[in-house]
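Trainee: Before I go further, could you take me through this model with a few questions and answers?

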Amino acid sequence: MHLEAAMAGEALVVRVEEARLDAACAIQFKDRMREIAGAAPPRVILDLARVGFVDSSGLGAIVAVMKFLAPARRLELAGLTPNVAKVFHLTRMDTVFTIHAALPGGAMAHGD
Amino acid sequence: MATDARLEPRQRPRRGDPVAPPERFEARVAADPLSVRILLYALLNRFGRLLGPANASAVELVLAEVLNNVVEHAYGPDQAGDIEIAVVLHPVSLECRIADWGRPFPDHTMRYRHLPDLEVALDRLPEGGWGWTLIQRCARDLVYRRLGDRNELSLVVPLASP
């Protein structure tokens, strides 16, 4: 599970460098996020721009991360690809998360 | 997947061509998450170009949820086994049959599920329970049968014009 974390202003941006967030990697994702979150500021943005597929296990893992970050830290999402946005819409989880079309404020936390 | 060079030289079958025989895909894999991933990759490698991106994403989602359910519930952590899948691509639909040799559905019945309640405190939010909702939203004609020691689920994913 490859995640890239970098500060963008006051927020920690974590970019998921995987094509899929599915049942095969949901547990690794949660474990890696726990490691990263230990020293995270109050605002954490999960950048999903590289992720083309999320299933219900991947969605559950994102919810789990939001829950263990709370209450001290808030998880927001950015860069949902069309297939991923569809899963959030069909499950109505788009009403639970703050979802940014792109990284807020044009933040370019990663040098590409 | 649509750019897979191995698909290039073949005479390109068109969906909706009444004389072309239906395209089929069959596979049998171990019931574990990585094998499911590889199976989906192989299926989309085969059909992705014919389906177009929107249909391919619906097919991938439905089958991922069905196959994950087999891995997690029919077999579970204490039992190993296989999943068999047979897919037929018709002009306006994809017909799928998924079989396993794990535990049957409770009461041998597939029940329609509703979305988990989201009007709850953050620490009570569900971390699952969306699988059947996603399947029901993207597929139709869901039929479950218990045949001896075998579970068989059939379903149809309607296809939009690519």
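Trainee: Which residues of chain B does the UniProt annotation "domain: Histidine kinase/HSP90-like ATPase" cover?

Mentor: This is a predicted model, in which local features need pLDDT of at least 70 and side-chain atom pairs count only at pLDDT 80 or more, while totals for chains, interfaces and linings use all residues. Residues are numbered from 1 along each chain as its sequence is written, and chains are lettered from A and ligands numbered from 1 in the order in which they are written. The annotation comes from an unreviewed UniProt entry, with positions in the numbering used here, and it may be inferred rather than shown by experiment. According to that record, the domain covers residues 49–156 of chain B.

Trainee: Which element gives the largest share of the side of chain B that touches chain A?

Mentor: Counting two residues as in contact if their C-beta atoms, placed from the backbone, lie within 7 Å, 23 residues of chain B are in contact with 21 residues of chain A. Helices (H or I, at least four residues) and strands (E, at least two) are DSSP runs numbered from the N terminus, and those giving two or more residues to this side of chain B are α1 (33–51), α2 (53–75) and α3 (131–138) of chain B. The largest share, seven residues, comes from α2(B).

Trainee: Which element gives the largest share of the largest nonpolar core?

Mentor: Such a core is a set of buried Ala, Val, Leu, Ile, Met, Phe, Trp, Tyr and Cys residues joined through C-beta atoms within 7 Å, where buried means that 20 or more other C-beta atoms, placed from the backbone, lie within 10 Å of the residue's own. Of its 71 residues, those touching the most other members are Leu46(A), Val62(B), Leu67(B), Val70(B) and Val157(B). The largest share of this core, 13 residues, comes from α2(B).

Trainee: Which residues of strand β5 (residues 150–158) of chain B point to one face and are buried?

Mentor: In a regular strand the side chains alternate between the two faces of the sheet. Here Arg150(B), Glu152(B), Ser154(B), Val156(B) and Pro158(B) point to one face and are not buried, whereas the buried residues on the other are Asn151(B), Leu153(B), Leu155(B) and Val157(B).

Trainee: Over how many bridges does β3 (residues 93–100) of chain B pair with β5(B)?

Mentor: Two strands pair if DSSP finds at least two bridges between them, and within β5(B) the bridge partner of Ala99(B) is Glu152(B). On the β4 (residues 140–147) side, β5(B) pairs in the antiparallel sense over six bridges. With β3(B) the sense is antiparallel and the number of bridges is eight.

Notes:
Buried ≥ 20, exposed ≤ 12 C-beta atoms within 10 Å, placed from the backbone.
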